[in-house]
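Thanks for coming. I have one structure today, and I will go through it piece by piece.

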Amino acid sequence: MKHPALFAGVAAVSAMAVLVACSQSNSAPSAAGLGEDCVGEAGIPWDGTTAKTFACGSGTALGPYVIVTAEQLAHFSFVVNSGDKNVSGKYFKLGADIALNEGVLLGADGKLVGDPDSLLNWTPIGNDDVAFDGVFDGDGHVVSGMFIDATGPNNGLFGNVSGTVRNVTVEDSWVRGGKYTGGIVGKNVGTVENATNRATVSGTEYCVGGVVGYSDVKNYRDNSILKNLLNEGGVSGEKQVGGVVGCASRVTADGLKNVADVEGANIVGGAIGAIGGNSHNEIRNIANSGEAKGGCFVGGISGACGGSQYIYSGDNPKSSFGCFKPSYVTMGCGKVERVRNDGEISGADFVGGVFGALCNAETEELANVGRIEGERYVAGVVGSSGYSTTRKMYNVGDVAGSVFVGGIFAENREGIASAAYSTGEVSGDSLVGLMIGYGYGVTIADYYYLKRGEQPPFGLNDGGGEATAKNATEMKSAAFVELLGDGFVRSDAVNDGLPVFAWETE
């Protein structure tokens with residue numbers, strides 16, 4: 001799949017020209033390419049000390065504070081965390097790559113190598129009391145060798161952000177913390193864009209993500225923004241664990257991609273662990289190709305979007321999903337469009353190629369290619385959906401479960417569902433359908449499935465609507481694309497000639 005909003009944008013870096021104004025009295029070696037007045041020798045690993053000043057700059061948009069050494073980056077962390085008002089709302093820019101520890105931290109398997117006691121521990125920029133409220137531009141540079149081993153919240157290169165962080169990559173780094181832990185930003189109520197994580201990230205509590213741990217409403221009224229984020233590092237945690245973002249609510253997310261494996265106890269997503277109930281959520285252009293596995297509520301894109309998740313502990317934990325009618329606006333998922341999962345997804349209850357569970361959503365163009373395995377409420381696209389309008393979906397992955405198992409939905413309650421097809425094998429013990437395991441009060445139009453003997457499209461359909469069987473030849477025809485309607489196209493290069501969405505061929 002080649003989609004510029006998902007992939008080209010992730011690698012993009014700012015080309016903004018920066019005017020640097022510095023004191024003429026500095027005599028230390030200059031950083032290459034930044035002018036003779038910028039102080040600091042780039043490329044030397046951190047020695048654990050803190051600089052007294054930045055390389056140069058005045059903190060304005062045209063003359064940001066420039067950081068070229070690890071000691072200057074430590075100074076940045078210190079002045080932000082100490083609440084220094086002189087740097088509040090200011091502009092900062094990396095002028096060189098930064099190494100926070102010498103040597104290689106991660107092995108080929110993503111595990112920490114060497115003695116952790118010998119590593120310098122990074123203090124994230126922003127903490128539980130102070131958020132970074134300025135603008136940080138990595139200018140395409142890399143921070144490597146970052147080591148964080150903490151039990152508290154707000155962990156990452158940045159711990160807490162209410163401003164903007166952009167154009168930066170973290171690689172060969174190891175991050176472990178409590179809640180709100182991410183490779184680049186722990187907690188975000190501002191904007192994070194054009195960022196890549198290649199660190200191994202793990203958390204002992206909730207909201208753990210490869211790039212961002214937690215993202216929520218900013219200024220108490222506007223969506224936080226996540227744009228063009230890529231995760232290539234392994235992620236693990238307890239609950240609300242995601243390849244790119246651990247958990248998010250009141251968020252605009254556009255162009256998120258995960259290619260690494262993600263594992264958690266419960267509420268796990270290939271891209272976003274959990275999307276909190278808020279009708280203002282806007283989720284688009286999201287892709288996952290990593291393996292995601294966990295217990296309850298596991299999805300290729302998100303473990304759950306909207307609603308309430310209940311998980312009961314024990315030797316064989318079970319769960320339930322609470323979703324109410326749209327009058328309960330705080331329970332809603334919001335809008336989701338143009339998402340695709342290619343990874344293998346596995347769990348126990350509420351497992352889906354796109355969402356483990358979905359509540360009060362408006363979705364369009366959802367695709368699953370990966371194999372899906374679970375026990376209850378297991379489906380190619382959505383494990384359980386309530387009161388949602390779902391348009392244009394397809395599943396070509398095989399689905400295996402026990403009870404409530406479907407090619408598109410395992411369960412759909414009082415939804416409006418149109419233009420979908422499924423070709424994957426679907427297996428289970430009861431309430432198993434090639435399209436829907438259990439449908440209650442669903443309004444259905446233009447639903448098609450690959451005929452497999454006498455296997456029915458519905459395990460139980462307690463409501464109206466039908467699904468139509470097709471053979472493989474018919475499903476690869478131009479006529480079938482026309483039946484599905486706008487947005488679908490045929491391409492021999494994608495999905496072996498089965499209909500796909502136009503953006504998947506770009």
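I will start with a helix and the core around it, then move to strand pairing, backbone angles and one loop residue.

Before that, a caution: what you see is a predicted model.

The helix is α2, residues 70-81. Its 12 residues reach 17 Å from the first C-alpha to the last, close to the 16 Å expected at 1.5 Å a residue. How many of the residues of α2 are buried? The count is 11 of 12, so the helix is mostly covered. Among the buried residues are Leu 73, Ala 74, Phe 76 and Ser 77. As for what covers them, the buried residues of α2 pack against five strands: β1 (65-67), β2 (91-94), β3 (98-99), β4 (135-144) and β6 (158-161). Just after the helix, Gly 83 takes a positive phi of about 75°.

Now the core. The largest nonpolar core has 91 residues. Which residues have the most contacts inside it? They are Leu 73, Phe 76, Trp 122, Phe 158 and Tyr 447. The largest share of this core comes from α2, with six residues. A second core, separate from that one, has 20 residues, including Cys 207, Cys 359, Ala 410 and Tyr 438.

Take Trp 122 from the largest core and leave aside its neighbours within four places in sequence. Its contacts then include Leu 73, Ala 74 and Ser 77, which belong to the buried set of α2. Trp 122 is also in contact with Trp 46, Leu 100, Met 146, Phe 147, Ile 148, Gly 156 and Leu 157.

Next, strand pairing, in two sets. In one set, strand β9 (residues 185-188) runs parallel to strand β12 (residues 212-215), and three bridges join them. Asn 188 of β9 stands opposite Ser 215 in β12. Strand β12 is in turn joined by three bridges to strand β15 (residues 245-248), again in parallel. There, Ser 215 stands opposite Ala 248. Ser 215 therefore has a partner in each pairing, since Asn 188 is opposite it in β12 and Ala 248 is opposite it in β15.

In the other set, strand β27 (residues 349-352) pairs with strand β31 (residues 376-379) in the parallel sense over three bridges. What stands opposite Asp 349 in β31? That is Arg 376. Strand β31 also pairs with strand β35 (residues 403-406), parallel and over three bridges, and here the bridge partner of Arg 376 is Val 403.

On to the backbone. Phe 404 sits in strand β35. Its phi is near 60°, a positive value in a residue other than glycine. Phe 404 counts as buried because its relative accessibility is 15%, and the cut-off is under 20%. Cys 207, which I mentioned as part of the second core, also has a positive phi, about 60°, without being a glycine. Cys 207 is found in strand β11 (residues 206-209). At 2% relative accessibility, Cys 207 counts as buried.

Last, the loop residue. Pro 153 lies in the loop between β5 (147-149) and β6. Is Pro 153 buried or partly exposed? With a relative accessible area of 32%, Pro 153 is partly exposed. Pro 153 and Gly 177 are 24 residues apart in sequence, and their C-alpha atoms are 6.6 Å apart in space. Not counting residues up to four places away in sequence, Pro 153 touches Asp 128, Lys 179 and Tyr 180.

That is the end of my list.

Notes. Residues are numbered from 1 along each chain as its sequence is written. This is a predicted model: local features need pLDDT of at least 70, side-chain atom pairs count only at pLDDT 80 or more; totals for chains, interfaces and linings use all residues. Side-chain values use heavy atoms; hydrogens and water are left out. Helices (H or I, at least four residues) and strands (E, at least two) are DSSP runs, numbered from the N terminus. The expected span of a helix is 1.5 Å times one less than its number of residues. Buried means under 20% relative accessible area, exposed over 50%, partly exposed in between (1.4 Å probe, protein chains only). Contact means heavy atoms within 4.5 Å. A nonpolar core is a set of buried Ala, Val, Leu, Ile, Met, Phe, Trp, Tyr and Cys residues joined through side-chain atoms within 4.5 Å.
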